[in-house]
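Q: Please take a close look at one helix-helix packing contact for me, then follow the chain on from there. Keep it casual, but spell out the cut-offs.

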Amino acid sequence: MNSFLKKLFEPKSNGPDITLLFLQALKVPVTAGTINKELEEHPNFNSLLSISDVLNRFGVDNLAVRLDSDKLLTMPAPFITQIRGAHNEPDYFSIVKKIDGDNIDYYDPVSFKWQRSKKEDFLKRYLGVALLAEAREDAGERDFEKKAKEEKRKTILSLSGIIAFPVILCIAGVISVMQYGAGSWPSLLYALLNFAGVSAGFLLLWYELDQHNPALQQICSAGKKTNCGAILQSGAAKIAGISWSIIGFSYFAGGLLLMLFTGVNSPQVLFTTGILTLLAFPYTFFSLYYQWRVAQQWCVLCLFVQALLLLQLATLLAAGRLGTMFPLSFHVEWLPAVITAYTLPFVLAAVLLPVFKKARESRENISRLQRLKHNTQIFDALLSKQKQLSVPSNGLGITLGNPSAPFKIIKVCNPYCGPCARAHAPMEALLENNPDVQIQIIFTASNKAGDHTAPPVRHLLAIAASNKDDDTAIKQGLDDWYLAKEKNYEQFATKYPMNGKLKQQEDKIEAMRKWCDQTEISFTPTFFINGYQMPDIYTVEDLKYFLTV
């Protein structure tokens, strides 16, 4: 069941799943949501390169190599590799956790479990590529604990929603048995059939959202004559523009709601469900005939629904309930409860299904656009058309990173600028994870009386001047200023006493102000990469995709 649910709700590519498991094996804290976002927006999504780049960003040094089978067995585990899918399935990423004698412990991406296999069996599926990795001491995601708590909260809410109906159904069943004893078994069985119908209806609606879902394909492609798409996308799949999937889901969900909230054995439940079961029964002949004679293909989920309808009718017949329904005895006071129970799931399904379709399409389009945006050739082409610096910035501000780095970034900022503060963490992460980058920070402050931005800039410059050979001290000072929840200069100055060194920074501030005026800086933060202003459509978070040799 766990395997089926993962295939149903998780992305089709197993790259995010493998990356998360691999980081957990290396004891590197990164949340699943962050990994999904990083991989989905990578220009080479679903490739070993995308996994390698994401590992680098979180402080895991790695190397992709081509190895023959003999050399693979000598590699230190754990490592990521690619294996061939079985039974016409796609190729997968996998993790080799342990090589022990004639056995290999690896992660099976189909069953979502760790497996032990004979070496010769595993090597038959091995595709010749491995990704070796080692975590650095500072590896991990910033604010991991905060993000992990948020993900855990969302997971708990999702699980609560999934188990709510079964729990309520159990409670209703216990109450019914206590009130009516063994005579309540037909109603309880009918309720269970409704619950099974709700589950089948949900899968049918999910098929309309994602017909290529691997879990649904596993159900709908069980044989040569099984093809859910041939039925669910045919002209007979709708009536008056409404899909039978929505109608079926509303029928089962409405019956279940009515039973749960008015009583499993209440008179209106017995009467209403009995009448609707009789009305729904002829549909089974239509569906079976269409699949058998017209489409000549079978929909497994549709057949399951028809079986449930037949079982519901059989339950009513076995309990002798149909004879008690006539003459008709429907009471008007039942009407609001019946209408609400059946209308609510119908309206929700009819309204939310198009919304979910658009949301899914929008998410996929955003991911595609992000991959296109993160294409290096496109970035280079746009960058070359931006404003080019005409005034040199040598010696200005604070410079961090490799002096001979091929990529030199200038960040023009204001110490009290909110966007500048938000850009600080990704800039620092870029510097820590990329030896090919040097960052120069230039401030827009001036020596004019009343310029409130000058004191913190003067202080940061003094810290840099006092620690010319110690980037760590400079970074700490920048962190303490930009990452503080409230920018309080008095507290900052108390933590970093500079005394007479503050006066010595006025010429530096004047030089930066002059450079900003000559460069016509109109907003902060402004970024320049190798002398060209960063295009407007990019943010500092995007730079991690481009600045590598």
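A: First, the angle words: under 35 degrees is roughly parallel, over 145 roughly antiparallel, 65 to 115 roughly perpendicular, and the rest oblique. Bear in mind that this is a predicted model, where local features need pLDDT of at least 70, side-chain atom pairs need pLDDT 80 or more, and totals for chains, interfaces and linings use all residues. Residues are numbered from 1 along each chain as its sequence is written, and side-chain values use heavy atoms, with hydrogens and water left out.

The pair to look at is helix α17 (residues 454-466) and helix α20 (residues 506-519), whose axes come within 10 Å and cross at roughly 115°. The two helices are therefore roughly perpendicular to each other. Their crossing is right-handed (the near helix is turned clockwise from the far one by less than a right angle; anticlockwise would be left-handed). On the α17 side, Ala-454, Val-457, Arg-458, Leu-461 and Ala-465 make the contact (heavy atoms within 4.5 Å), and α20 brings Glu-506, Lys-508, Ile-509 and Met-512. Sorted by class, that contact holds 6 nonpolar, no polar and 3 charged residues.

Now follow the chain past α20. Pro-525 sits in the loop between α20 and β12 (526-529), and the peptide bond joining Thr-524 to Pro-525 is cis, with omega about -5°. A little further on, the loop between β12 and β13 holds Asn-530. Although Asn-530 is not a glycine, its phi is positive, about 50°. The side of things facing solvent: Asn-530 is partly exposed at 38% relative accessible area (buried is under 20%, exposed over 50%, partly exposed in between, with a 1.4 Å probe and protein chains only).

The aromatics take us beyond that loop. There are 16 aromatic pairs in the structure (ring centres of Phe, Tyr or the six-membered ring of Trp within 6.5 Å; planes under 30 degrees apart are stacked, over 60 edge-to-face, the rest tilted). One of them, Phe-286 with Tyr-290, is tilted, at 6.3 Å centre to centre and 35° between the planes. Both residues belong to helix α12 (residues 267-294), 4 residues apart, about one turn of the helix. Phe-286 is partly exposed at 40% relative accessible area, whereas Tyr-290 is buried at 18%. Another pair, Phe-379 with Phe-546, is stacked, at 4.1 Å centre to centre and 5° between the planes. This one links distant parts of the chain: Phe-379 is in helix α15 (residues 376-383) and Phe-546 in the segment after β13 (532-533), 167 residues apart. Phe-379 is buried with a relative accessible area of 1%, and Phe-546 is buried too, at 4%. Back in α12, Phe-286 and Tyr-290 also join Trp-244 and Tyr-283 in one aromatic cluster.

For a second helix crossing to set beside α17 and α20, try helix α2 (residues 15-25) and α4: their axes come within 11 Å and cross at roughly 35°. The crossing of α2 and α4 is right-handed. Gly-15, Thr-19, Phe-22 and Leu-23 of α2 meet Ile-51, Val-54 and Leu-55 of α4, which splits into 5 nonpolar, 2 polar and no charged residues. Helix α4 (residues 48-57) also carries Ser-52, which counts as buried at 11% relative accessibility. Leaving out residues up to four places away in sequence, Ser-52 touches Asn-62 and Leu-131.

How values were computed:
Axes are lines fitted to C-alpha atoms, for helices over the stretch in contact, and angles run from 0 to 180 degrees between N-to-C directions. Ala, Val, Leu, Ile, Met, Phe, Trp, Tyr, Cys and Pro count as nonpolar, Asp, Glu, Lys and Arg as charged, and the others, Gly among them, as polar.
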